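Please walk through the structure below, beginning with a single charged side chain and then moving outward to the metal sites and the ionic contacts.

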Amino acid sequence: MREAIEQLLLPAECALCHTLLSFARSRRIVCDVCRHRWRAVRPPWCDRCGQPEPRFGPCRLCAAWPAALRAVRSAVWLEGGARDAVHALKYRGLARIADDLADVAAGIALPGRDTAGLVPIPLGRQRLRERGYNQSERLARALARRWQRPVVNLLARVRETATQTALTPDARLANVAGAFQVRNGECGVRSERAPANSALRIPHSAFVLVDDVFTTGATLAEAARALEQAGVRSVLAVTFGRAILPDFT
Ligand SMILES: [Zn+2]
Ligand SMILES: [Zn+2]
C-alpha cells in the first residue's frame, strides 16, 4: 500500500541522479546510466569468500568462518552510486529500490542456488520498528522472484548489536557473536517427533543468506554458525554491495 502511494506521489525520476525516467522505465528507481556505473566485483577472488585474492599467502578474511559457509559473493563494490542505492534502501525508506539491486545481484553465479531457500539476515525488533521493513528481506524477496526460489525466514536476531561501521574485523566478530537463532517452531523445519537436539529436517539442500552489504563477513559468518548448529551443512551467501577494505585487497 505504502509502495503504491509512493509510486503515485513520486515523480518518475532516478533516485540517484534525478534525471527523469521514460514512461517505459517509470517503475524503476535507478536509471540505466547509474546502474552501468556500479562496478561489478570480478574474479580472481578467493573461491570461498569472493574477496579479490590477497597478494601474499592464504585468504585471511574467511579463515575463521564456520565450515558450513561455503561461498559468499557480492554483486558490486560499495562506492559512489551503489553506496547511495543501499543508503536509499536502508535510510530513505525506498524499499522498492530492492528490485533494482536484485536485478544486479540475480546475475551472481552461485553453485547450488537452484535448490536452495533464501534466508534474509534478520533485523532486531527495534531497528525493524524504526525502519518499517527489513532491507535484507526486501532484497531476498526480489531475488527470490528472479531465481524462483522460496524465501525462508529461518533466522531471528535475538540480540540487538551495535552498529558495525566503526569496528575492526575482530571487534565485528565479537559484536555479532550469538546474535542469531534458528526459528524452529515458526518455520516447522524441525521434525516434531525428533528430540530437541537432533538435526533439522531440512527442506532444501542448501540455504542462501541474503544481506545488503558485505564488509568483513562477520554477520554472515555468525548467521551461518547458527544454521550450522541447527544441522545445516551447506550455507551460501549473496550481498548486493561489498565494502572496499584496504587491508584485504
Ligand atoms: Zn540515474
Ligand atoms: Zn577468503
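In this predicted model, a useful place to begin is Arg-242, which belongs to strand E6, the run of residues 235–242. Arg-242 is buried and yet takes part in no salt bridge, since the nearest side chain of opposite charge, that of Asp-211, is 11 Å away, whereas the cut-off for a salt bridge is 4 Å between a side-chain nitrogen and a carboxyl oxygen. What the side chain of Arg-242 does have is a polar contact of 2.7 Å with the side chain of Gln-51. Beyond its neighbours within four places in sequence, Arg-242 is in contact with residues that include Cys-49, Gly-50 and Gln-51, with Val-72, Arg-73 and Ser-74, and with Trp-77 and Phe-214.

Cys-49, one of those contacts of Arg-242, is also a donor to a metal: the zinc ion (ligand 2) has as its protein donors the SG atoms of Cys-46, Cys-49, Cys-59 and Cys-62, lying 2.3 Å from it. The arrangement counts as tetrahedral because the four donor atoms subtend angles of 101 to 117 degrees around the zinc ion (ligand 2). For orientation, the ideal angle for four tetrahedral donors is 109.5 degrees. Along the chain, the donor residues of this zinc ion (ligand 2) follow the spacing C-x2-C-x9-C-x2-C, and both Cys-59 and Cys-62 are buried.

The zinc ion (ligand 1) has Cys-14, Cys-17, Cys-31 and Cys-34 as its protein donors, each through SG, lying 2.3 Å from it. The angles among these four donor atoms run from 106 to 114 degrees, and the site is tetrahedral. Here the donor residues are spaced C-x2-C-x13-C-x2-C in sequence. Of these donors, Cys-17 sits in the loop between helix H1 (2–9) and helix H2 (32–37), while Cys-34 sits in helix H2, so that the pair, 17 residues apart, links distant parts of the chain. With a relative accessible area of 31%, Cys-17 is partly exposed, whereas Cys-34, at 8% relative accessibility, counts as buried.

The ionic contacts come next, and the count of salt bridges is eleven. Asp-32 forms one with Arg-28, their closest N and O atoms being 2.6 Å apart; Asp-32 is partly exposed at 26% relative accessibility, and Arg-28 is partly exposed with a relative accessible area of 26%. The side chains of Arg-35 and Asp-100 form a salt bridge of 2.9 Å, N to O. Because Arg-35 lies in helix H2 and Asp-100 in helix H4 (residues 97–105), this pair ties together parts that are 65 residues apart in sequence. Both Arg-35 and Asp-100 are buried.

Another salt bridge, of 3.2 Å from N to O, joins the side chains of Lys-90 and Asp-212. This pair links distant parts of the chain, with Lys-90 in helix H3 (residues 80–91) and Asp-212 in strand E5 (residues 206–214), 122 residues apart, and both Lys-90 and Asp-212 are buried. Salt bridges with shared partners also join Arg-35, Asp-99, Asp-100, Asp-103, Arg-145 and Arg-146 into one network.

Taken as a whole, the chain has nine helices and six strands, and 49% of its 249 residues count as buried. Among contacts between residues at least 6 apart in sequence, 72% join residues at least 24 apart.

Methods: Residues are numbered from 1 along each chain as its sequence is written. Chains are lettered from A and ligands numbered from 1 in the order in which they are written. This is a predicted model: local features need pLDDT of at least 70, side-chain atom pairs count only at pLDDT 80 or more; totals for chains, interfaces and linings use all residues. Side-chain values use heavy atoms; hydrogens and water are left out. Helices (H or I, at least four residues) and strands (E, at least two) are DSSP runs, numbered from the N terminus. Buried means under 20% relative accessible area, exposed over 50%, partly exposed in between (1.4 Å probe, protein chains only). Lys and Arg count as positive and Asp and Glu as negative; His and the chain ends are not counted. A polar contact is a pair of N or O atoms within 3.5 Å; within protein, one must be able to donate a hydrogen and the other to accept it, and residues adjacent in sequence count only if both atoms are side-chain atoms. Contact means heavy atoms within 4.5 Å. Donors are N, O and S atoms within 2.8 Å of the metal (3.2 Å for Na, K and Ca); water is not among the atoms, so sites may look incomplete. Four donors count as tetrahedral if all angles lie between 85 and 135 degrees; four count as square planar and six as octahedral if opposite donors are over 155 degrees apart and all others between 65 and 115; anything else is irregular.
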